[in-house]
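This report describes a sheet, the helix packed on it, and a few surface and backbone features.

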Amino acid sequence: MAVPEKVFFTKGTGVHKDKLVSFEMALRNAGLAPYNLVTVSSIMPPDADIISREEGLPHLSPGEIVFCVMARDQTNVAGQKVAASVGLAVPQIHDKQHGYLSEYHARDVSSRECGEYAEDLAATMLATIFDIPFDPETAWQEREQIYLASGKIIKTSNVAASATCTDGAWTTVVVAAVFIMPNHG
């Protein structure tokens, strides 16, 4: 059984005339280009430590298969904004209960709006496990207070990136929660 023991968050942007190279540039900007990334579903492992990108990258080796939850978007339409985010919700008893990560991308929204939406998604998924009553039509800020007041969800956050295509070159945003497996450095 391989359960990640650490996770770090990173983001990047890239611009290039070719779509694939734009994605590569965004991965480079995020520090993830030298790895073989495998995207996984959205479970935050119980008791996994959240570390900084600077702390996490030295645990990885070039060419390594690295698991992550990733959000990304690309455009080559001049003036169009792309945004991507990964949201996080962690339960009070995190050594026994998993949390949630959510990936989200959108067009023509700010990174703040995209990030709040991803955070809301993660918190809502966790709230449904604990049967925390909420009205999905209320604003995120109101639901966030209900979730935190329940005492069952202790942390929500997000990492987001956005960029605007300026000249018709491919513009890419990437955000990832990167898992560090046991016995890494």
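Two strands are taken to pair if DSSP finds at least two bridges between them. The model is a predicted one. By that criterion, four strands make up an open sheet in the order β3-β7-β6-β8, and their pairing is antiparallel. The edge positions belong to β3 (43-44) and β8 (153-164); each has a single partner strand, so one side of each lacks a neighbour in the sheet.

Eleven bridges join β6 (residues 81-91) to β8 in the antiparallel sense. Within this pairing, L88 has S157 of β8 as its bridge partner. Helix α3 (residues 111-129) packs on the sheet and touches β6, β7 (99-107) and β8. The direction of α3 makes about 145° with that of β7.

On the surface, V38, V40, I65 and F67 form a nonpolar patch, and together they have about 290 Å² of accessible area. F67 belongs to strand β5 (residues 65-75). The relative accessibility of F67 is 32%, so this residue counts as partly exposed; the class lies between the limits of 20% and 50%.

Most residues other than glycine have a negative phi. Two aspartates with a positive phi are listed below.

| Residue | Phi | Loop | Relative accessibility |
|---|---|---|---|
| D47 | about 65° | between β3 and β4 (49-51) | 43%, partly exposed |
| D131 | near 55° | between α3 and α4 (140-149) | 65%, exposed |

D131 counts as exposed because its relative accessibility of 65% is over the 50% limit. D47, at 43%, is partly exposed. The loop that holds D47 lies between β3 and β4, and β3 is an edge strand of the sheet.

Terms used
Residues numbered from 1 in each chain as written. Predicted model: local features only at pLDDT ≥ 70, side-chain atom pairs only at ≥ 80, totals over all residues. Heavy atoms only, no water. Helix = DSSP H or I, 4+ residues; strand = E, 2+ residues; numbered from the N terminus. Contact = heavy atoms within 4.5 Å. Axes fitted to C-alpha atoms, helices over the stretch in contact; angles between N-to-C directions. Patch = residues over 30% accessible without salt bridge, like charges linked within 9 Å, V, L, I, M, F, W, Y side chains within 5 Å. Areas by Shrake-Rupley, 256 points an atom, 1.4 Å probe, with all protein chains shown as cover. Salt bridge = Lys/Arg side-chain N within 4 Å of Asp/Glu carboxyl O. Buried < 20%, exposed > 50% of the residue type's maximum accessible area, 1.4 Å probe, protein only.
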